[in-house]
Amino acid sequence: ERETTASLQTLLRLAEKDISLESRIRVSPSRLAVHRVDIQVPEDFEVIEVEAPGLVDWSRNRQGEEDASQDILTVLLGVGHRQAFDVIVRGLIKAPLEGEATELPRLSLLGMLRQQGQIVVQTDPSFDVKILELNNCQQQSLETVTGWLQAGQRSLARLVLSHRDGNYGGSVQLERREAIVHGTTFTNIRVTDRAIEETILLDFNVSNAGIDEIVFQLPAGLA
C-alpha cells in the first residue's frame with residue numbers, strides 16, 4: 001500500500017486578461033519508490049511547463065465522464081525516488097468576463113495517502129480579491145506563508161487559502177480599488193520688463209491603487 005504524502009504550495013495570479021498558476025508539489029515517499037506522479041488538473045488549465053528531478057516526459061489525458069471538469073497530468077520520472085522531491089507545474093487559465101467569478105483551480109494528486117496545501121491569490125495593486133464561496137478550504141493570514149513566499153511576491157498577495165485534501169473548491173472575484181490622489185501645487189512667478197514668467201509644479205501622491213491618467217485645468221493664458 002502506497003503511503004506517499006504530498007504538500008502543495010500554489011501561486012494563483014489573477015488579472016483581467018488571464019490567470020496564471022504555479023504550484024510546487026512536494027512529494028514525500030514512504031516505503032515504495034515513486035516513478036510517476038498523477039495530478040488532477042482543471043480541464044481549462046493550459047499546462048506550460050513541468051519540472052521534476054529526472055523528468056522523462058509528461059502527458060495529459062481526459063479523466064472520463066465521472067469528472068469531466070478535470071484532466072489527468074502524468075509526470076514520468078527516470079528513476080524511482082525514495083526521498084522527498086518537488087514537482088513544479090506552471091500554466092494559464094482563461095480569465096472570466098469582467099464582473100464574473102473566478103473558480104479556484106483544483107489540483108489533486110492521485111494515489112496519495114494524504115495531501116494538503118496552501119493557495120496564495122495574487123493580483124496587481126489596482127485590485128482586491130473578494131471571496132464568494134469556499135468548499136473544504138479555509139482562509140489563513142499572510143504570515144502563514146512567509147516561510148515559502150518570496151519577499152517580492154508578498155506585496156501582491158491578497159488571500160491565503162489552505163486545504164487538507166484534494167477535494168476543495170470555491171470562487172473569488174476581482175474588485176477594482178479606488179485610487180486616493182492628493183495633489184499639491186507650487187507656483188513661481190518671475191516678473192521682468194518684457195514678460196511675466198510663471199512656473200507651476202504639480203506634485204501628486206497616489207495611494208491604494210494605480211491610475212492611468214491625470215486631468216487638470218490650466219489658466220487660459222497657459223493653455
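**Surface, pocket and salt bridges of the predicted model**

N136 is partly exposed, having a relative accessible area of 48% (buried denotes under 20%, exposed over 50% and partly exposed the range in between, with a 1.4 Å probe and protein chains only). The model is predicted, and local features therefore require pLDDT of at least 70 and side-chain atom pairs pLDDT 80 or more, whereas totals for chains, interfaces and linings use all residues. Residues are numbered from 1 along each chain as its sequence is written, and side-chain values use heavy atoms, with hydrogens and water left out.

The backbone at N136 has a positive phi of about 60°, although N136 is not a glycine. Most residues other than glycine have a negative phi. N136 is found in the loop that joins strand 11 (127-135) to strand 12 (137-140); strands are DSSP runs of E with at least two residues, numbered from the N terminus.

The largest pocket contains about 270 Å³ of space. P42, D44, I93, T102 and E103 are the closest to its centre among the 17 residues that line the largest pocket. A pocket is an open set of points on a 1 Å grid over the protein atoms alone, where a 1.4 Å probe fits and protein lies on both sides within 12 Å along at least five of seven lines; lining residues have an atom within 4 Å of a point. The volume is the space filled by probe spheres set on the points, which are joined across faces, edges and corners. At least two lining residues of the largest pocket are supplied by each of strand 1 (5-14), strand 7 (85-94) and strand 8 (102-103). The lining of this pocket comprises 10 nonpolar, three polar and four charged residues, where Ala, Val, Leu, Ile, Met, Phe, Trp, Tyr, Cys and Pro count as nonpolar, Asp, Glu, Lys and Arg as charged, and the others, including Gly, as polar.

A nonpolar patch on the surface is formed by V181, I200, L202, F204, V206, I211, I214, F216 and L218, which together have about 680 Å² of accessible area. Such a patch joins nonpolar side chains (Val, Leu, Ile, Met, Phe, Trp, Tyr) within 5 Å, from residues with over 30% relative accessible area and no salt bridge; areas follow the Shrake-Rupley method with a 1.4 Å probe. Strand 16 (residues 196-207) provides the largest share of the patch, four residues. L202 is located in strand 16 and counts as partly exposed because its relative accessibility is 30%.

The structure holds 14 salt bridges, each defined as a side-chain nitrogen of Lys or Arg within 4 Å of a carboxyl oxygen of Asp or Glu. In one of them, E51 pairs with R90, with 2.8 Å between the closest N and O atoms. E51 belongs to strand 4 (residues 45-51) and R90 to strand 7, so this salt bridge ties together parts that are 39 residues apart in sequence. Both partners are partly exposed, E51 at a relative accessible area of 32% and R90 at 23%.

D128 forms a salt bridge with R177, in which the closest N and O atoms are also 2.8 Å apart. This pair links distant parts of the chain, 49 residues apart: D128 lies in strand 11, and R177 in the loop between strand 14 (169-176) and strand 15 (180-191). D128 is partly exposed at 29% relative accessibility, and R177 is partly exposed at 25%. A further salt bridge brings together the side chains of E197 and R190, at 3.2 Å from N to O. E197 is partly exposed, with a relative accessible area of 41%, as is R190, with 47%. In addition, E22, E49, E51 and R90 are joined into one network by salt bridges that share partners.

Separations between C-alpha atoms were computed for selected residue pairs. T74, in strand 6, counts as buried because its relative accessibility is 6%. The C-alpha atoms of T74 and D38 are separated by 4.5 Å, with these positions 36 residues apart along the chain counted as their distance in sequence. S7, placed in strand 1, is partly exposed at a relative accessible area of 28%. From C-alpha to C-alpha, S7 and R24 are 8.3 Å apart in space and 17 residues apart in sequence. G80 is placed in strand 6 (residues 70-81) and is partly exposed, with a relative accessible area of 30%. G80 and V215 are 135 residues apart in sequence, and their C-alpha atoms are 63 Å apart in space.

Methods:
Patch = residues over 30% accessible without salt bridge, like charges linked within 9 Å, V, L, I, M, F, W, Y side chains within 5 Å.
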